Amino acid sequence: GMFAFRTLNALARSSLLLPVRTQHRLSMSTRSSDAIYRVALTGGPCGGKSSSLDAIRSHLSKQSIDVYTVPEVPTILLTGGCKYPGIEGGDKLIEFEKALIELQIQMEDSFFKIAKSTGRTSVIVMDRG
């Protein structure tokens, strides 16, 4: 079964991550040399995502594991000048959300392809806000 972590700091200290495209738990000590793992960070402002990411990055770097961070897409769009149409935005809201999801998927796929190209064990951390 899946292993539940109370905090991302516990995840970072545990040396366990879930491999992409499988449901099995895998110890980092028994990983293959080219494994790629994905971790989704969720939570609101001041929820501990940044400090958890720092702990994950620090712990995994000591094990010679590459860590990639996919930025939070809504922040990219909003700081780039896009205006959130609001919950009553109708078709504008649908287009905004479709564009957001498309960009999120494209960014995550691009990070995955780059990580895979290295042939090294990698963790891709996706900030989902």
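**Secondary structure.** I counted the elements of the protein chain in this predicted model. I found four helices and five strands. I then read them along the sequence and wrote down the pattern α-β-β-β-α-β-α-α-β.

**Chain totals.** I looked up burial next. Of the 129 residues, 31% count as buried. The accessible surface of the chain comes to about 8,100 Å². Carbon and sulfur atoms hold 56% of that surface. I also checked the contacts with a separation of 6 or more: 65% of them join residues 24 or more positions apart.

**The sheet.** In what order do the three strands of the open sheet lie? I noted 3-5-4, with parallel pairing. Strand 3 (36-41) and strand 4 (66-70) are the edge strands, and each pairs on one side only. I have the twist down as an average of 20° from one strand to the next.

**Strand 5 and its partners.** I took the two pairings in turn. Strand 5 covers residues 122-127 and runs parallel to strand 3, joined to it by six bridges. Valine 39 stands opposite valine 125 of strand 5. Alanine 40 stands opposite methionine 126, also in strand 5. On the other pairing, strand 4 and strand 5 are parallel over five bridges. There, tyrosine 68 has isoleucine 124 of strand 5 as its bridge partner. Is strand 5 mostly covered or mostly uncovered? I logged it as mostly covered, since five of its six residues are buried.

**Helix 4 over the sheet.** I followed helix 4, residues 91-118, next. Helix 4 lies across strand 3, strand 4 and strand 5. I noted an angle of about 165° between helix 4 and strand 4.

**Nonpolar cores.** Which residues make up the largest nonpolar core? I listed twelve: Ile36, Tyr68, Val70, Val73, Leu77, Phe96, Leu100, Met107, Phe112, Ala115, Ile124 and Met126. I sorted them by element. Strand 4, helix 3, helix 4 and strand 5 each give two or more residues to this core. Helix 4 gives the most, with five residues. I also found a second, separate core of eleven residues, with Leu41, Leu53, Leu60 and Val125 among them.

Two bridge partners from my earlier entries, tyrosine 68 and isoleucine 124, both sit in the largest core. In strand 5, Ile124 and Met126 belong to the largest core, whereas Val125 belongs to the second. I set a general point beside this: in a regular strand the side chains alternate between the two faces of the sheet.

**The aromatic pair.** I searched for aromatic pairs and found one. Tyrosine 84 and phenylalanine 96 have ring centres 5.4 Å apart and planes at 80°; over 60 degrees counts as edge-to-face, so this pair is edge-to-face. Where do the two rings sit? Tyrosine 84 is in the loop between helix 3 (73-79) and helix 4, and phenylalanine 96 is in helix 4, twelve residues apart.

I compared the burial of the two partners. Phenylalanine 96 has a relative accessible area of 12%, under the 20% cut-off, so it counts as buried. Tyrosine 84 has 43% relative accessibility; this lies between 20% and 50%, so tyrosine 84 counts as partly exposed.

**Around phenylalanine 96.** Last, I listed the contacts of phenylalanine 96, leaving aside its neighbours within four places in sequence. They are Leu77, Leu78, Cys82, Lys83, Tyr84 and Pro85. Leu77 and Phe96 also appear in the largest nonpolar core.

Terms used: Residues are numbered from 1 along each chain as its sequence is written. This is a predicted model: local features need pLDDT of at least 70, side-chain atom pairs count only at pLDDT 80 or more; totals for chains, interfaces and linings use all residues. Side-chain values use heavy atoms; hydrogens and water are left out. Buried means under 20% relative accessible area, exposed over 50%, partly exposed in between (1.4 Å probe, protein chains only). Contact means heavy atoms within 4.5 Å. Accessible areas come from the Shrake-Rupley method with a 1.4 Å probe; for residues, only the protein chains shown count as cover. Two strands pair if DSSP finds at least two bridges between them. Axes are lines fitted to C-alpha atoms, for helices over the stretch in contact, and angles run from 0 to 180 degrees between N-to-C directions. Rings of Phe, Tyr and Trp (its six-membered ring) pair if their centres lie within 6.5 Å; planes under 30 degrees apart count as stacked, over 60 as edge-to-face and the rest as tilted. A nonpolar core is a set of buried Ala, Val, Leu, Ile, Met, Phe, Trp, Tyr and Cys residues joined through side-chain atoms within 4.5 Å.
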